[in-house]
Amino acid sequence: MQRIEHRACFGGWQDVYEHASDVLGCTMRFAVYLPPQAEAGAALPVLYWLSGLTCNEQNFITKAGAQRYAAEHGVVIVAPDTSPRGDDVADADGYDLGKGAGFYVDATQSPWDAHYRMHDYVVNELPAQVEAHIPVSDARAISGHSMGGHGALTIALRNPGRYRSVSAFSPIVAPSQVPWGEKAFAAYLGDDRETWKAYDATALIASATERLPLLVDQGGDDEFLDGQLRPQLLQAAAETAGHPLTLRIHPGYDHSYYFIASFIGEHIAHHARALRA
């Protein structure tokens, strides 16, 4: 791991690291915010943030304003890139497939299976790197936005006991039923829709063995609300399964980081309470 950015921020440090990923077969970057409490040397809880389509590790750390709240609560924030990167990594035209659109799945179809294993990276390799080099404990939380909200929900549901809490902003809750997900899943996972359910929160919630409460915030004026996000599908699945879900629709807010910045403090406080428990 090599630190390539180091900036003072709210009494702590906003860093960016680069490392060779064995899982993805390329060089990856991820951001780490170390709050001022890290100076004492104690291992701190960590929140993993997963960003959405077209993003890399920079979007969240420059637009969300999360460092202020992480410093207040003594939480480390780790924000990885959204896909493998490099000249030999498969790509596609458009913003919703290929680089910047890893969808947090482990691809099984060529040419994507050579590099696109973002689920394995986020769940296993990235935390191993972080926990080996950064003063964090094994108290983990996970959150994200849009495609990253989908990633946060599915990763938490697929890996019981690994995270203390989970939340999402404007998540793609049913990728098997909306155009963004259908395009990505067909490419990465193939045409068998049954295999898609392994990465679909509305399907996973029915068989979840851990009742980890879900916190979801959604902008009421989000331009993707009806066509791509459809939070009512997650609400219906949670009600059927008896799974705890807090779904908040905020009138006037859209899909942008203005929305995330408005409520990120509440999400970090939510995670901090769970991480201290």
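Student: Which strands does helix H9 lie across, and at about what angle does H9 run to S9?
Tutor: Keep in mind that this is a predicted model. Helix H9 covers residues 231–241, and the strands underneath are S8 (214–219) and S9. Against S9, the helix runs at about 155 degrees.

Student: Where do the buried residues of H9 sit around the helix axis?
Tutor: Start with the list: Pro231, Leu234, Ala237, Ala238 and Ala241 are the buried residues of H9. Looking down the axis, they fall within an arc of 120 degrees, so they line one face of the helix.

Student: Which exposed residues does H9 carry on the face turned away from its buried side?
Tutor: The buried side of H9 has plenty to pack against: helix H4 (147–158), helix H7 (201–204), S8, helix H8 (225–229) and S9. Turn to the face pointing away from that buried side and you meet the exposed residues, Glu239 and Thr240.

Student: What phi does Gly242 take just after H9?
Tutor: Gly242 comes just after the helix, and its phi is positive. The value is about 70 degrees.

Student: And helix H10, which strand does H10 run at about 175 degrees to?
Tutor: Helix H10 spans residues 257–276 and lies across S4 (44–50), S5 (76–80), S6 (136–144), S7 (165–169), S8 and S9. The angle of about 175 degrees is given against one of those strands, namely S7.

Student: In what order do the strands of the open sheet come?
Tutor: There are 9 strands in this open sheet, and their pairing is mixed. Neighbouring strands are turned by 20 degrees against each other on average, ignoring direction. Reading across, the order is S1-S2-S3-S5-S4-S6-S7-S8-S9.

Student: Why is one side of S1 and of S9 left without a neighbour in the sheet?
Tutor: Look at where strand S1 (2–9) and strand S9 (245–250) stand: at the edges of the sheet. One side of each has no neighbour because each has a single partner strand.

Student: In what sense do S1 and S2 pair, parallel or antiparallel?
Tutor: Strand S2 takes in residues 12–21, and 7 bridges join S1 and S2. One residue to look at is Gln2, found in strand S1, whose bridge partner in S2 is Glu18. The sense of the S1 and S2 pairing is antiparallel.

Student: How does Gln2 count, buried, partly exposed or exposed?
Tutor: Leaving out residues up to four places away in sequence, Gln2 touches Val16, Tyr17 and Glu18. Its relative accessibility is 47%. Buried means under 20% and exposed means over 50%, so at 47% Gln2 counts as partly exposed.

Student: How many residues of S7 are buried?
Tutor: Check the two faces of S7 in turn: Ser165, Ser167 and Phe169 are buried on one side, and Val166 and Ala168 are buried on the other. Both faces are therefore covered, given that buried means under 20% relative accessible area. The strand's count is 5 of its 5 residues.

Student: Which residue in S7 does Ile142 stand opposite?
Tutor: S6 and S7 pair in the parallel sense over 2 bridges. In that pairing you can find Ala141, with Ser165 as its bridge partner in S7. Ile142, for its part, stands opposite Val166.

Student: Over how many bridges do S4 and S6 pair?
Tutor: S6 is mostly covered, with 7 of its 9 residues buried. Leu50 stands opposite Gly144 in S6. S4 and S6 pair in the parallel sense, and the number of bridges is 6.

Student: What arc do the buried residues of helix H5 cover around the axis?
Tutor: In H5 (residues 179–189), the buried residues are Trp180, Gly181, Ala184, Phe185, Ala187, Tyr188 and Leu189. What covers them includes H4, helix H6 (193–196) and H8. They all lie on the same side of H5 because their arc around the axis is only 165 degrees.

Student: What volume does the largest cavity have?
Tutor: Searching the whole structure turns up 2 cavities of 30 Å³ or more. The lining of the largest cavity is made up of Ala156, Leu157, Pro160, Thr209, Glu210, Leu212 and His243. Its volume is about 40 Å³.

Terms used: Residues numbered from 1 in each chain as written. Predicted model: local features only at pLDDT ≥ 70, side-chain atom pairs only at ≥ 80, totals over all residues. Heavy atoms only, no water. Pairing = 2+ DSSP bridges. Helix = DSSP H or I, 4+ residues; strand = E, 2+ residues; numbered from the N terminus. Axes fitted to C-alpha atoms, helices over the stretch in contact; angles between N-to-C directions. Contact = heavy atoms within 4.5 Å. Buried < 20%, exposed > 50% of the residue type's maximum accessible area, 1.4 Å probe, protein only. Arc of directions from axis to C-beta. 1 Å grid on protein atoms, 1.4 Å probe; cavity = no way out; pocket = protein on both sides within 12 Å on 5 of 7 lines; lining within 4 Å. Points joined across faces, edges and corners; volume = space filled by probe spheres on them.
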